[in-house]
Structure formats: structure tokens, C-alpha cells
Amino acid sequence: MPELSIFKNAVSNTPFDVRADVAPLVGRIRSGKYRPQTDYLRSLAPDAAKEYKKTAFIAVTWSGIFSPTCAKANLQTHSGLICIDLDKLQPERLATIKAQLCTDEFTHVLFVSPSGNGLKVVIKIDYQQPADHEAFFRQIGDYYRDCYGVTDAEFDESGKNVDRLCFLPCDPECVHNPGSEVMPLADEYASDQNQKRLYDEPTKPTKAPITPFVGFVGRSVSQSGTYLD
């Protein structure tokens, strides 16, 4: 069972001594515990909301345990989870993507962000080594773009950071699928990561054309990058 670090807010860089697993956190999100600050945040202008959010919400690191502070170098144990942020979604667009991701085999946890115009998606990944985290992030980005039409503007690139904090809002409809599939790392992305370790900037190897491979359970990818059921 994965364990996560919990923080008082985004300002406090030292985690609580108590650690959490996924189910209790989902219960808190579904409850009304965080409704007052969630509703108030959504009533504020963007600049004020940005400042308020830093101190008003409990935060977690979905990707693991950090000590003594929240920093990439202080990762003690990776949880085998990664949290993806989808932002800048208009109400109709948010509802559409949410409905699609609710039935995705890899969606482990899904909830509306504190701001109300985004989604947080937690996915189980077959994490084996530190380099895998960013490799999975790139893979999921391509997967969402090809399968669900997620745009670059909607896919928050800051999610690639293993020490990324996630605020816990109120969302009574938070989805939790304990039996979600563990996403494997496709050879293409593992190969890209190996190349990064072998070559220095600015010289990079030319990326070879994508060849067909079975990347995910029940899906394959064509040379055009389109996932097929």
C-alpha cells in the first residue's frame, strides 16, 4: 500500500510525522471537511486565489515519502503513483474529459482541482528507477493527447516534478478505483530516458520514427501515434 507525505500547506516545507495512504485521502476529499476553503477560493479573483491557496489547503505528495523536507533529493520511497494536472478547462470541456477519464483503465483517483477549472488524475505506474518518473510523465502526456485530445495548454508540465505538491479540495464526486491497471513504461519512453543519460546537451540523438508497439493494456499505438482499442 503506497504511503504519501502530508503537509500543512504549500508554505510549510516539512511534512507531518503522520503518513497517509490513498483511501483516507479520498475520504477526506469526498467529505465536507475542505468545502469552506474550496468555496471561498473559487469566489476570489485569480491573483488573490493564488495567494490564498498557498496557506489554506492541506497538501500531499502523491509520488511518495519525503524527509526531512519536500525536495526531489529528499525522496525516501516512491509510491508508484503519479499525479497529472489538467488545467484551464471550461465547464463543458471539464465535464467531457472527466467522463472519459472516469472509465479509463489507468485512472486510480480523479477529482476536480481546488480552483474548479481543472482535474487531478492519479495513476499507478510501474516505477523501477528515478528516471522513470519523468519518462512516465511524457508517456501519459502523449497518451492523453492521442486518446482524449488533451492540448498542450491543458496539460500542466509542472507535474513532471516528483516532489510536486497537490492541494486537497472538496469534491464529493471524487473517483477512486482501487483496481485500476498499473501503467507499464513503453519501450519508446524507456529508450528516450536512456538516451538522455548517454548524451549531453546541446547534442542529442535524432529520435527514430515511432514503430508500432503494444504500449498499454488493450491498446496499441500506430506510426501516427494514435492509440487504437
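Two strands are said to pair if DSSP finds at least two bridges between them, and with that in mind you can begin the tour of this predicted model by selecting strand E5, residues 81-86, together with strand E7, residues 119-124. E5 and E7 run antiparallel and are joined by 6 bridges, and if you look for one matched pair you will find that Ile84 has Val121 in E7 as its bridge partner.

**The sheet of four strands**

Next, add strand E6, residues 107-112, in which 6 of the 6 residues are buried. E6 is joined to E7 by 5 bridges, and these two strands also run antiparallel; a pair to highlight here is Thr107 with its bridge partner Ile123 in E7. Follow the chain from E6 into E7 and you pass through a hairpin with 6 residues between the strands, where Gly116 takes a positive phi near 90°.

Now select strand E9, residues 175-176, which is joined to E6 by 2 bridges and runs antiparallel to E6, with Val109 standing opposite His176 of E9. With these strands shown together, you have an open sheet of 4 strands in the order E5-E7-E6-E9, with antiparallel pairing. Its edge strands are E5 and E9, each of which pairs on one side only.

**Helices against this sheet**

Keep the sheet on screen and add helix H4, residues 91-102, which packs on the sheet and touches E5, E6, E7 and E9, while its direction makes about 160° with that of E6. Then add helix H5, residues 132-148, which lies across E5 and E7 and runs at about 45° to E5.

**Two nonpolar cores**

As a general background to this stop, nonpolar side chains in soluble globular proteins tend to be buried together. Which residues touch the most other members of the largest nonpolar core? In this core of 24 residues they are Ile84, Leu86, Leu101, Leu119, Ile123 and Tyr144, so show their side chains. The elements that give two or more residues to the core are E5, H4, E6, E7 and H5, and the largest share, 6 residues, comes from H5.

Centre the view on Leu86 and, leaving aside residues up to four places away in sequence, look for what this residue touches: Ile97, Leu101, Asn117, Gly118, Leu119, Tyr144, Val150, Glu154 and Phe155. A second core, separate from the one just visited, has 19 residues, including Val22, Leu81, Phe111 and Val122.

**Helix H2 and its two sides**

Move on to helix H2, residues 35-43, and select Gln37, Thr38 and Leu41, which are buried. These residues lie on the same side of H2, because they cover an arc of only 100° around the axis. Part of what covers the buried residues of H2 is helix H3, residues 46-56, whereas the face of H2 turned away from its buried side carries the exposed residues Pro36 and Ser43.

**The sheet of three strands**

For the last stop, select the strands of another open sheet, in which 3 strands follow the order E1-E2-E8 with antiparallel pairing. Strand E1, residues 5-7, and strand E8, residues 166-167, stand at the edges with a single partner strand each, so one side of each is left without a neighbour in the sheet. Strand E2, residues 59-61, pairs with E8 in the antiparallel sense over 2 bridges, and you can finish by highlighting Val60 and its bridge partner in E8, Cys166.

Methods. Residues are numbered from 1 along each chain as its sequence is written. This is a predicted model: local features need pLDDT of at least 70, side-chain atom pairs count only at pLDDT 80 or more; totals for chains, interfaces and linings use all residues. Side-chain values use heavy atoms; hydrogens and water are left out. Buried means under 20% relative accessible area, exposed over 50%, partly exposed in between (1.4 Å probe, protein chains only). Contact means heavy atoms within 4.5 Å. Axes are lines fitted to C-alpha atoms, for helices over the stretch in contact, and angles run from 0 to 180 degrees between N-to-C directions. The arc is that of the directions from the helix axis to the C-beta atoms. A nonpolar core is a set of buried Ala, Val, Leu, Ile, Met, Phe, Trp, Tyr and Cys residues joined through side-chain atoms within 4.5 Å.
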